Amino acid sequence: MGDAGIIGPAVAGFALGFSLIMAIGAQNAFVLRQGLRGEYVLPLVLTCALSDAILITLGVAGFGVLIASNPWALELVRYAGAAFLFVYGAMNFRAAMTGGEALDEKGRTVGSLGAAVTTCLLLTWANPHVYLDTVVLLGGISAQYTPAWAFGLGAVVASFTFFFMLGFGARLLRPLFTNPRAWQVLDVLVGLTMWAIAAKLVFGM
């Protein structure tokens, strides 16, 4: 298979992975706050990105292979994934309508590097949505692409790209993300992206 056959799945994996990880949550808010403070940024972004890489790889290698061998399961995951994305998008629209969230950049620091990494790991691995996004959703959808590993690689690259942008670009965004209006705009953009991907899964557009 030539490069053209790899680029398509990789781009799709990157787009979906980036859209999913953009959703505002405790993990992203924590990384953003630490980035604004300039505390332990590199260890934290690596912790988040490597955790995602492990989960995505497990999804592509395990769950993706399982549903690929069962056509009915593939259809189930396709529609379940679309429904999940639709609800996820609706949640973002609801957050935008209720006013968004302002980032409190003056919050209490986490202290040591160990405490910061431990907090980051808890926010990542103790969050059920992380498993839905990576192992279940990305792993399941990857089975629709050939090769599936290219889709997974794209999603992994998206995770590294996002967290490095978020962590190291946070200081540049300080005036923006302390404003609730910015969170509203981001929520709307994420919601539209989720619904567009859901429509593509259902209608094959």
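## A partly exposed tyrosine

Tyr145 counts as partly exposed, because its relative accessibility is 26%. That value sits between the 20% limit for buried and the 50% limit for exposed. The model described here is predicted. Tyr145 returns below, with the aromatic pairs.

## Overall build

The chain has 9 helices and 0 strands. From the N terminus on, its elements run α-α-α-α-α-α-α-α-α.

How much of the chain is buried? Of its 205 residues, 42% count as buried. The chain exposes about 10,200 Å². Carbon and sulfur atoms supply 72% of that area.

Contacts in the chain reach far along the sequence. Take those with a separation of 6 or more: residues 24 or more positions apart account for 89% of them.

## Aromatic pairs

How many aromatic pairs does the count come to? It comes to 8. One of them joins Phe18 and Phe162, whose ring centres are 5.6 Å apart. Their planes stand at 85°, so this pair is edge-to-face. The pair links distant parts of the chain. Phe18 lies in helix α1, residues 3–22, and Phe162 in helix α7, residues 148–169. The two are 144 residues apart. Are Phe18 and Phe162 buried or exposed? Both are buried.

Tyr145 and Phe151 make another pair. Their ring centres are 4.9 Å apart and their planes meet at 20°, so the pair is stacked. The two partners are covered to unlike degrees. Phe151 is buried, because its relative accessible area is 1%, whereas Tyr145 is partly exposed at 26%.

Phe18 and Phe162 also belong to a wider group. Together with Phe14 and Phe163, they form one aromatic cluster.

## Two cysteines, no disulfide

A disulfide is a covalent bond between the sulfur atoms of two cysteines. How many disulfides does a search of the whole structure find? The search finds 0. Cys48 is in no disulfide, and the nearest cysteine sulfur, that of Cys120, is 3.1 Å away. Cys120 is likewise in no disulfide, with the sulfur of Cys48 as its nearest cysteine sulfur, at 3.1 Å. Why does this pair not count? A disulfide needs the two sulfur atoms within 2.5 Å, and here the distance is 3.1 Å.

Both cysteines are covered. Cys48 is buried, because its relative accessible area is 0%. Cys120 counts as buried too, because its relative accessibility is 0%.

## Around Ser159

Ser159 has its place in helix α7, the helix that also holds Phe162. Ser159 counts as buried, because its relative accessibility is 2%.

Which residues does Ser159 contact, leaving aside its neighbours within four places in sequence? They are Ile21, Cys48, Ala49 and Asp52. Ile21 falls within the residue range of helix α1 (3–22). Cys48, Ala49 and Asp52 fall within the range of α3 (41–68). Cys48 is the cysteine met above, with the sulfur of Cys120 3.1 Å away.

## A nonpolar patch on the surface

Which residues make the nonpolar surface patch? They are Ile54, Leu58, Leu121, Trp125 and Tyr131. The patch covers about 430 Å².

Helices α3 (41–68) and α5 (113–125) each supply at least two of the patch residues. Trp125 is found in helix α5. Trp125 is partly exposed, because its relative accessible area is 31%.

Methods. Residues are numbered from 1 along each chain as its sequence is written. This is a predicted model: local features need pLDDT of at least 70, side-chain atom pairs count only at pLDDT 80 or more; totals for chains, interfaces and linings use all residues. Side-chain values use heavy atoms; hydrogens and water are left out. Buried means under 20% relative accessible area, exposed over 50%, partly exposed in between (1.4 Å probe, protein chains only). Rings of Phe, Tyr and Trp (its six-membered ring) pair if their centres lie within 6.5 Å; planes under 30 degrees apart count as stacked, over 60 as edge-to-face and the rest as tilted. Helices (H or I, at least four residues) and strands (E, at least two) are DSSP runs, numbered from the N terminus. Patches are made of residues with over 30% relative accessible area and no salt bridge: like charges are joined within 9 Å, nonpolar side chains (Val, Leu, Ile, Met, Phe, Trp, Tyr) within 5 Å. Accessible areas come from the Shrake-Rupley method with a 1.4 Å probe; for residues, only the protein chains shown count as cover. A salt bridge is a side-chain nitrogen of Lys or Arg within 4 Å of a carboxyl oxygen of Asp or Glu. Contact means heavy atoms within 4.5 Å.
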